[in-house]
Structures are given as C-alpha cells and as structure tokens.
Amino acid sequence: MKWKAILCLFMGVSSFAYCQQEKEEAAIIKVLEKESATWRAKDVEGHKDCWNVQPYSRILVSLPDGKTIDVPPASKQNMQAENMGNGGFAVNSNYKMNISNSNAWVSHDEISTDKEGKRTWSYEIRLLEKIKGNWKLVGQSLHIYKREN
C-alpha cells in the first residue's frame, strides 16, 4: 500500500511539473510572436515591451553573403518607427527550448514575408529572462540564409 501512495505522489508531482513547463513554453512563444509582429507593424511600445536590455545583451545578425551585423542592444530601448520593419508577417516553427528557473534559450526557424510577398528564411536563437513574472528577450542571434529550391 505504501508504494501505491508513493507512486501516486510521484505521478502528481510529475504532472504538475509537465503542465508548468507547457505553460512557460506557451508564454515564451507568445512573447516571440509578439516581438516579431510588433517589429513589422512599427509598434514601438509593443516591441520595447518584449525586451529587457542588460549590460550583457547582444544582438547578432548574419546575412546570406557572409556579413554580420552587431546590432547595438540599446537600439531596443530607443526605437523609432522609421527604423523598424515594413509590414508583412512571419511564421515561426520548430521551437526547441531549455527553460531553467528564470532563464531560457530558444531556437526556432522563421519564414518572413514582406508586404510585396518576398520571403526570407532564418534560423534564430533567442535568450530570455523572466522578470517580475514576465518573459523578456535579453539577446538574440539571427542567421538569414538562402533557401535551396
């Protein structure tokens, strides 16, 4: 009888932890999709709300021609609509996450479509921290590539 009680307790704790993990993953995906949408919509305040720039923050973008752009993280605090995206939408897929307490790293694929219908493909790594109960981006790396047809 004792082992049944231990088994039930273990299953209950495991179920709670799994549900909590799913809840955190959903919250992170929501932030990443909001960050993407607000960039394209030139929503300065909405985009800033997705970020919590830290002294160790870094934003790196590699382009298909081999060039790399080291975006100053402070640009996320001093955004101007004219320096943001220009419409369109993005679809993220293939999320892979590691969540540890109030830190997370996420990789995903993205297909961006601009308002003229031109597509851009990228692999992305996102670094997040949970601040006052909300997930915020603190860094990212985007690797844009040419898709082979």
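Which elements each supply at least two residues of the lining of the second largest pocket? They are α1 and β6. The points below set this in context.

1. Model and overall make-up. The structure is a predicted model. Its chain has 2 helices and 6 strands. Along the sequence these follow the pattern α-α-β-β-β-β-β-β. Of the 149 residues of the chain, 31% count as buried.

2. The largest pocket. This pocket holds about 890 Å³ of space. It is lined by 35 residues, and those closest to its centre are Trp39, Arg40, Ser112, Leu142 and Ile144. The elements that each give two or more residues to this lining are α1 (2-40), β1 (58-62), β4, β5 (119-131) and β6 (134-145). The contribution of β5 is the greatest, at 6 residues.

3. Character of that lining. Sorted by class, the lining of the largest pocket has 14 polar, 11 nonpolar and 10 charged residues.

4. The second largest pocket. About 280 Å³ of space lies here. The lining is made of 14 residues, and Ala27, Val31, Gly133, Asn134 and Trp135 lie nearest the centre of the pocket. To return to the opening question, α1 and β6 each supply at least two of the lining residues. Of these, α1 gives the most to the lining, with 7 residues.

5. Character of the second lining. The residues lining the second largest pocket divide into 7 charged, 4 nonpolar and 3 polar.

6. Elements found at both pockets. Helix α1 gives two or more residues to the lining of the largest pocket, and α1 also gives the most to the lining of the second largest pocket. Strand β6 is listed for the largest pocket and again, with at least two residues, for the second largest.

7. A nonpolar surface patch. Trp105, Ile125 and Leu127 make a nonpolar patch of about 250 Å² on the surface. Trp105 sits in strand β4, which covers residues 103-113. Strand β4 is also among the elements that give two or more residues to the lining of the largest pocket.

8. Trp105 in particular. Is this residue buried or exposed? It falls between the two: Trp105 counts as partly exposed because its relative accessibility is 39%, and that class lies between under 20% for buried and over 50% for exposed.

Notes: Residues are numbered from 1 along each chain as its sequence is written. This is a predicted model: local features need pLDDT of at least 70, side-chain atom pairs count only at pLDDT 80 or more; totals for chains, interfaces and linings use all residues. Side-chain values use heavy atoms; hydrogens and water are left out. Patches are made of residues with over 30% relative accessible area and no salt bridge: like charges are joined within 9 Å, nonpolar side chains (Val, Leu, Ile, Met, Phe, Trp, Tyr) within 5 Å. Accessible areas come from the Shrake-Rupley method with a 1.4 Å probe; for residues, only the protein chains shown count as cover. A salt bridge is a side-chain nitrogen of Lys or Arg within 4 Å of a carboxyl oxygen of Asp or Glu. Helices (H or I, at least four residues) and strands (E, at least two) are DSSP runs, numbered from the N terminus. Buried means under 20% relative accessible area, exposed over 50%, partly exposed in between (1.4 Å probe, protein chains only). On a 1 Å grid over the protein atoms alone, a cavity is a set of points where a 1.4 Å probe fits but cannot get out, and a pocket is an open set with protein on both sides within 12 Å along at least five of seven lines; lining residues have an atom within 4 Å of a point. Grid points are joined across faces, edges and corners, and a volume is the space filled by probe spheres set on the points. Ala, Val, Leu, Ile, Met, Phe, Trp, Tyr, Cys and Pro count as nonpolar, Asp, Glu, Lys and Arg as charged, and the others, Gly among them, as polar.
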